[in-house]
Amino acid sequence: MAEVRLGRRRRGRRVVAAAASADAFYLNSWRRKIERIGNLNYPAEARRNRLYGSLRLQVTVLPDGGLKEVIVLKSSGHQVLDQAAIDIVKLAAPFAPFSDELRQTTDELLIIRTWQFRKNSSLRSM
């Protein structure tokens with residue numbers, strides 16, 4: 001007879017634009033850190049070749065602030081920019097641990113943002 005295991009259902013939360021206060025605070029702090037790290041590590045090849053564009057990225061963050069996964073949902077059309085966005089997330093990790101309030105409802109946070117590598121060699125996440 002096969003063993004049956006009952007596990008706790010994962011409480012993931014997908015955040016594109018946060019409305020709840022715990023989500024909004026966490027997402028805003030995450031965005032500021034990403035932009036700071038991204039602007040310090042703007043890809044030299046993109047600057048040299050005047051590459052710019054937007055891409056859509058999904059980042060999964062664990063309650064302890066650890067990085068679980070990074071996925072490019074929509075490419076910028078430039079491998080250099082897509083890879084730079086992934087590298088920036090990895091450089092910025094780990095992130096802040098979830099607040100007690102956020103931990104009560106969320107086991108992992110899926111953050112979906114549009115990244116803009118701009119003509120003036122700056123990065124913005126929206």
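**Group meeting: a walk around helix α3**

Okay, let's start with contacts, meaning heavy atoms within 4.5 Å: of those in the protein with a separation of 6 or more, 72% are between residues 24 or more positions apart. Before going on, this is a predicted model, where local features need pLDDT of at least 70, side-chain atom pairs count only at pLDDT 80 or more, and totals for chains, interfaces and linings use all residues. Residues are numbered from 1 along each chain as its sequence is written, and side-chain values use heavy atoms, with hydrogens and water left out.

So what's in the fold? There are four helices and five strands, and along the sequence they run β-α-α-β-β-α-α-β-β. Those elements are DSSP runs numbered from the N terminus: helices are H or I with at least four residues, strands are E with at least two. Of the 126 residues, 41% are buried. Buried is under 20% relative accessible area, exposed is over 50%, and partly exposed is in between, using a 1.4 Å probe and protein chains only. The accessible surface is about 7700 Å², with 50% of that belonging to carbon and sulfur atoms.

Now to α3, residues 79–92. This helix has 14 residues and spans 20 Å from first C-alpha to last, close to the 20 Å expected at 1.5 Å a residue; the expected span is 1.5 Å times one less than the number of residues. Which residues in α3 are buried? They are Leu81, Asp82, Ala84, Ala85, Ile86, Ile88, Val89 and Ala92. The cover over them includes α1 (21–40) and α2 (44–48), plus strands β2 (53–61), β3 (67–74), β4 (108–117) and β5 (123–125).

Let's look at α1 against α3. The two helices pack at about 115 degrees, and their axes are 9 Å apart. That makes α1 roughly perpendicular to α3, a label that goes to angles of 65 to 115 degrees. If you're wondering about the axes, they're lines fitted to C-alpha atoms over the stretch in contact, and angles run from 0 to 180 degrees between N-to-C directions. At the interface, Lys33, Ile34, Ile37 and Gly38 from α1 meet Ile88, Val89, Leu91 and Ala92 from α3.

After α3 comes the loop towards α4 (100–103), and phenylalanine 98 is in there. Is phenylalanine 98 buried or exposed? Buried, with a relative accessible area of 4%. Leaving out residues up to four places away in sequence, phenylalanine 98 touches Tyr26, Val61, Leu62, Pro63, Arg103, Thr106, Asp107, Glu108 and Leu109. One of those partners, proline 63, is 35 residues apart from phenylalanine 98 along the chain, yet their C-alpha atoms are separated by 5.1 Å.

Proline 94 sits in that loop between α3 and α4 too. A cis peptide bond joins alanine 93 to proline 94, with omega at about 0 degrees. Proline 94 counts as exposed, at 56% relative accessibility. With residues up to four places away set aside, proline 94 touches Lys33 and Gly65. Proline 94 and aspartate 64 are 30 residues apart in sequence and 8.3 Å apart C-alpha to C-alpha.

One last stop on the backbone: arginine 50, in the loop between α2 and β2. Its phi is near 55 degrees, a positive value in a residue other than glycine. For background, most residues other than glycine have a negative phi, and most peptide bonds are trans. Arginine 50 also counts as exposed, at 72% relative accessibility.

Note on methods. Areas by Shrake-Rupley, 256 points an atom, 1.4 Å probe, with all protein chains shown as cover. Parallel < 35°, antiparallel > 145°, perpendicular 65-115°, else oblique.
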